[in-house]
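Here are some short exercises to work through with the model open beside you. Try each task first, then follow the solution step by step.

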Amino acid sequence: MILIIGAMKSELDRFISSINSKHKVTNDQEIYIGKIKNKKVMISESGIGKVQAAYSLTKILIENKINLIINVGLAGATDSFTVGEVVIIEKAFYDDFDLTAFGYQFGQVPGQPPFYQSDKKVIDKLSCLKKYKNGYLYTKDSFIQGRIHDNEYCVDMEGAALFHVAHNQSIPMISIKVVSDIIGRTIFKEYQSFENDEGGVIIKDLLTKIIEEI
């Protein structure tokens, strides 16, 4: 079964409505199960923040046989990207974990790699993703409103934690972000409008294409 997980249900609502899915609640966690071209799909929100995201994904993996995890959702980005652009996450980093004093790379958790990567075999077989940009993702437990690195990147509050759990369970995962706002230029009302309207449409169309190709 393929798991689609995003931080907020509002990001996934249009996709959920577009498929014939059954809703159920397990241990206070809402999930939706449906099919696209005979492929079984589970959809769930992770909640916001690293701990909540890791907890939600872990519960799902304990109770279900998942073969692939697709993390999708909105993200802030630097000004080399544009609002509405789709970004395939090449590498994901923790941006608020620092044990460099002990010889680790910034963001590296002991026993973990310095960064996480979307599964290359999965990305390579999805021709619908070839027209989109690749990018880095920095995950931090705060809403980023200013540039934090010199390179070009996306930011969120869940991605690296989801990769962390997937890595520990040896389950392939890809992460795809839709740029909702440009770091340092955020106008909250515009962000909300994009989240509730255009962002959900882009995510729905993207997920439909991905599931059809896998």
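**Exercise 1.** Decide whether S180 is buried or exposed.

*Solution.* Start with the relative accessible area, which is 5% for S180. The cut-off for buried is under 20%, so S180 counts as buried. Next, find its place: S180 sits in strand β10. Finally, look along the chain to E198, 18 residues away from S180; the C-alpha atoms of the two are separated by 9.4 Å. Keep in mind that this is a predicted model.

**Exercise 2.** Work out where N71 lies and which residues it touches, leaving aside its neighbours within four places in sequence.

*Solution.* First, place the residue: N71 belongs to strand β5, which covers residues 68–77. Then check its accessibility. With a relative value of 2%, N71 is buried, because that falls under the 20% cut-off. Now list the contacts. N71 meets I5 and G6, then G159 and L162, and also the run M173, I174, S175, I176 and K177.

**Exercise 3.** Describe how helices α2 and α4 meet: at what angle do their axes cross, and which residues make the contact?

*Solution.* Take the geometry first. Helix α2 spans residues 50–63, and its axis comes within 8 Å of the axis of α4, with a crossing of roughly 35°. The hand of this crossing is right-handed. Next come the residues: α2 brings K50, A53, A54, L57, T58 and L61, while α4 brings A161, L162, V165 and A166. Last, sort them by class, and you get eight nonpolar residues, one polar and one charged.

**Exercise 4.** Go to the loop between α4 and β10 and compare what you find for Q169 and S170.

*Solution.* Begin with Q169, which is found in that loop. Its relative accessibility is 48%, so Q169 counts as partly exposed. In space, Q169 is 8.4 Å from L61, C-alpha to C-alpha, even though their positions lie 108 residues apart in sequence.

Now move to S170, in the loop that runs between α4 (159–168) and β10 (173–182). Here the relative accessible area is 64%, so S170 is exposed. The backbone is worth a look too: S170 has a positive phi of about 55°, although it is not a glycine. For a partner in space, try L68, which is 102 residues from S170 in sequence and 10.0 Å away, C-alpha to C-alpha.

**Exercise 5.** Find the phi value of N38 and say whether this residue is buried or exposed.

*Solution.* Phi comes first: for N38 it is near 65°, a positive value in a residue other than glycine. For the location, look in the loop between β3 (29–36) and β4 (39–45). At 71% relative accessibility, N38 is over the 50% cut-off, so this residue counts as exposed.

**Exercise 6.** Which residues does N151 contact, leaving aside its neighbours within four places in sequence?

*Solution.* Locate N151 in the loop between β8 (133–139) and β9 (153–156). Its relative accessible area is 28%, so N151 is partly exposed. The contacts are T78, Y136 and Y138. To follow one of them up, take Y136: N151 is 15 residues from it along the chain, and their C-alpha atoms are separated by 8.9 Å.

**Exercise 7.** What is the volume of the second largest pocket, and how do its lining residues divide by class?

*Solution.* The volume is about 260 Å³. The lining has 14 residues, and those closest to the pocket's centre are E90, S118, K120, I123 and N134. Two elements give two or more residues to this lining, β6 (86–94) and α3 (120–125). By class, the lining of the second largest pocket has six nonpolar, three polar and five charged residues.

Methods: Residues are numbered from 1 along each chain as its sequence is written. This is a predicted model: local features need pLDDT of at least 70, side-chain atom pairs count only at pLDDT 80 or more; totals for chains, interfaces and linings use all residues. Side-chain values use heavy atoms; hydrogens and water are left out. On a 1 Å grid over the protein atoms alone, a cavity is a set of points where a 1.4 Å probe fits but cannot get out, and a pocket is an open set with protein on both sides within 12 Å along at least five of seven lines; lining residues have an atom within 4 Å of a point. Grid points are joined across faces, edges and corners, and a volume is the space filled by probe spheres set on the points. Helices (H or I, at least four residues) and strands (E, at least two) are DSSP runs, numbered from the N terminus. Ala, Val, Leu, Ile, Met, Phe, Trp, Tyr, Cys and Pro count as nonpolar, Asp, Glu, Lys and Arg as charged, and the others, Gly among them, as polar. Buried means under 20% relative accessible area, exposed over 50%, partly exposed in between (1.4 Å probe, protein chains only). Axes are lines fitted to C-alpha atoms, for helices over the stretch in contact, and angles run from 0 to 180 degrees between N-to-C directions. A crossing is left-handed if the near helix is turned anticlockwise from the far one by less than a right angle, and right-handed if clockwise. Contact means heavy atoms within 4.5 Å.
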